[in-house]
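Me: Here is a model I would like to talk through with you. Could we go over its packing together?

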Amino acid sequence: VGFAIFTFFSPYSSLSFPSRFDVYRKVPKDLTQPTYTGAFISICCCVFMLFLFLSELTGFIATEIVNELYVDDPDKDSGGKIDVSLNISLPNLHCDLVGLDIQDEMGRHEVGHIENSMKVPLNNGHGCRFEGEFSINKVPGNFHVSTHSATAQPQSPDMTHIIHKLAFGEKLQVQHVQGAFNALGGANRLQSNALASHDYILKIVPTVYEDLGGKQRFSYQYTVANKEYVAYSHTGRIIPAIWFRYDLSPITVKYTERRQPFYRFITTICAIIGGTFTVAGIIDSCIFTASEAWKKIQIGKMS
């Protein structure tokens, strides 16, 4: 009984009791053996883990852009308007003859729009570059560059042109976002029939871009089809024009900036470290076991 009481109060027994719960038990030093193979594998593991860590860190810092589609009008505060930016050159038509007309299914019919527009003479005054910013209603319609607003119509207006820019809504300067925000930019029709009209049929797609801070910017992409023709009526040839006929798609494209959660980054790093050490330990153990077995075989042959 006395021995049992002494053991109960012994400091060694009180320390040994909680040590049973030690998950990270140490391997005795006499059971470990350093090898050149183990050192090589360890160096390779460190390099491999460093590479994976830097790759995950780059992915964590980088911003991911996720897109989705839904049916809605994203910019309800616009008052039913869409801002348009147009820049077009007509190298063979005088600026006094160039004008912009706007009409739509809501009854708007504006001939010779001049607000927020500018005409720049080209080719010593024989040509003209028209730059304008205006708004259109969110209904099907068209706007066209023509001589309709001129006081005197020319006999043979030359509607060959180059479109530098046609964009709708806010300008998005975002990398890694592929979209047709200026699908007609660079369109060259200088080799076309000078007396021909040009029809550009546009399908406008509302686009929303939301950054990490939750700020939204509203723009519009569009697809385009075009045709070129010389039109006639019972009174003769119809005055040519450059038509942009548009309609809006009910589908909205939304781009959202996202960043990988921090807890996922930590989880991945722990998985990289633990997985690398585990696999490396298995490889080292297999190599060491095979090496020892080979040594025993060689010793057996010598004996």
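Me: Which residues does Phe143 touch, not counting residues up to four places away in sequence?
Reply: Happy to look at this predicted model, where local features need pLDDT of at least 70, side-chain atom pairs count only at pLDDT 80 or more, and totals for chains, interfaces and linings use all residues. Residues are numbered from 1 along each chain as its sequence is written, and side-chain values use heavy atoms, with hydrogens and water left out. Taking contact as heavy atoms within 4.5 Å, the partners of Phe143 are Val84, Leu100, Asp101, Ile102, Phe134, Ile136, Leu166, Phe168, Ile242, Trp243, Phe244 and Tyr246.

Me: Which residues touch the most other members of the largest nonpolar core?
Reply: A nonpolar core is a set of buried (under 20% relative accessible area, 1.4 Å probe, protein chains only) Ala, Val, Leu, Ile, Met, Phe, Trp, Tyr and Cys residues joined through side-chain atoms within 4.5 Å. This one has 32 residues, and those touching the most other members are Phe143, Leu166, Phe168 and Phe244.

Me: Which element gives the largest share of this core?
Reply: Strands here are DSSP runs of E, at least two residues, numbered from the N terminus. Among the elements giving two or more residues are E7 (141-146) and E14 (242-248). The largest share, 5 residues, comes from E2.

Me: Is Thr252 buried or exposed?
Reply: Thr252 sits in strand E15 (residues 251-258), and a polar atom of its side chain lies 2.7 Å from the backbone oxygen of Asp72. Because its relative accessibility is 0%, Thr252 counts as buried.

Key. Helices (H or I, at least four residues) and strands (E, at least two) are DSSP runs, numbered from the N terminus. Buried means under 20% relative accessible area, exposed over 50%, partly exposed in between (1.4 Å probe, protein chains only). A polar contact is a pair of N or O atoms within 3.5 Å; within protein, one must be able to donate a hydrogen and the other to accept it, and residues adjacent in sequence count only if both atoms are side-chain atoms.
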